Amino acid sequence: MSSLSKGLRKVQVTLKWDPSPIGTPAHDLDIVAATYTADAPHGKPAYLVHFGSRSPDGTITLNRDSRTGQGFGADEVMTLELDRLATECTRVVVGVVIQQRTGEKSFSDIKNTGVRMLEGPVELANDDLSRLPDASAATIGEFTRDDAGEWQLRTIVRGFDAGPAEFADLMGLESP
């Protein structure tokens, strides 16, 4: 049976949170994407995309980066042009991590977190990170390329007690 679905093509990931209380250090959360190849789908990422970087071919970009959570709407926005990713990339894991510059913070310290994944106007996933109160990083989704070359999303909200560098090594591990 054939399908009319062409899989996911261009996905936008958004992240929002409330600013820290007046007089306290700012909360800085970041969207991170890690790409994996067919020969190491759960190994070391082929490359990471996060604040201050983009994918080598420009298919994954961080369009908006906030260090405070101030403003209206999404504080961070990442675009994944899955249909343009190199064929050797077969998996992309997206996560959120809290910068730990001003002491240990977890998601319980940050109010009104919200993550969304959209393809055009279609909402693919919508969640918050409040159910991971002790975590300082979380995966929020895994995009995989099927045998026909089409991209699919599996939402995975999984918490980690890890800073940015450690999270980059952990986020692609196989889910339990």
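Which side chains does a polar contact of 2.5 Å join? The two partners are Arg91 and Glu142. This briefing concerns a predicted model, and it introduces an open sheet of five strands, the hairpin of β9 and β10, and two buried residues, Arg91 and Thr79.

**The open sheet**

- Five strands make up an open sheet, and their order is β3-β2-β6-β9-β10.
- The pairing within this sheet is antiparallel.
- Strands β3 (47-49) and β10 form the edges, as each of them pairs on one side only.
- On average, neighbouring strands of the sheet are turned by 20 degrees against each other, with direction ignored.

**The hairpin of β9 and β10**

- Strand β9 covers residues 137-145 and strand β10 covers residues 151-160.
- These two strands run antiparallel and are joined by eight bridges.
- Ala137 has Phe160 of β10 opposite it.
- Glu142 is placed opposite Arg154, which also belongs to β10.
- Five residues lie between the strands of this hairpin, where Gly149 adopts a positive phi near 90 degrees.

**Arg91 in strand β6**

- Arg91 is located in strand β6, which spans residues 89-98.
- Because its relative accessibility is 4%, below the 20% limit, Arg91 counts as buried.
- The side chain of Arg91 makes its 2.5 Å polar contact with the side chain of Glu142, and Glu142 in turn stands opposite Arg154 in β10.
- Leaving aside residues up to four places away in sequence, Arg91 touches Ala34, Thr35, Tyr36, Pro41, His42, Glu142, Phe143, Thr144, Trp151, Gly172 and Leu173.

**Thr79 in strand β5**

- Thr79 belongs to strand β5, made of residues 76-81.
- Is Thr79 buried or exposed? Thr79 is buried, because its relative accessible area of 9% is under 20%.
- A polar contact of 2.8 Å links the side chain of Thr79 with that of Asn63.
- Asn63 is also among the residues that Thr79 touches, residues up to four places away in sequence not being counted.
- The other residues touched by Thr79 on this count are Lys10, Val11, Gln12, Thr59, Ile60 and Thr61.

How values were computed:
Residues are numbered from 1 along each chain as its sequence is written. This is a predicted model: local features need pLDDT of at least 70, side-chain atom pairs count only at pLDDT 80 or more; totals for chains, interfaces and linings use all residues. Side-chain values use heavy atoms; hydrogens and water are left out. Two strands pair if DSSP finds at least two bridges between them. Helices (H or I, at least four residues) and strands (E, at least two) are DSSP runs, numbered from the N terminus. Buried means under 20% relative accessible area, exposed over 50%, partly exposed in between (1.4 Å probe, protein chains only). A polar contact is a pair of N or O atoms within 3.5 Å; within protein, one must be able to donate a hydrogen and the other to accept it, and residues adjacent in sequence count only if both atoms are side-chain atoms. Contact means heavy atoms within 4.5 Å. Axes are lines fitted to C-alpha atoms, for helices over the stretch in contact, and angles run from 0 to 180 degrees between N-to-C directions.
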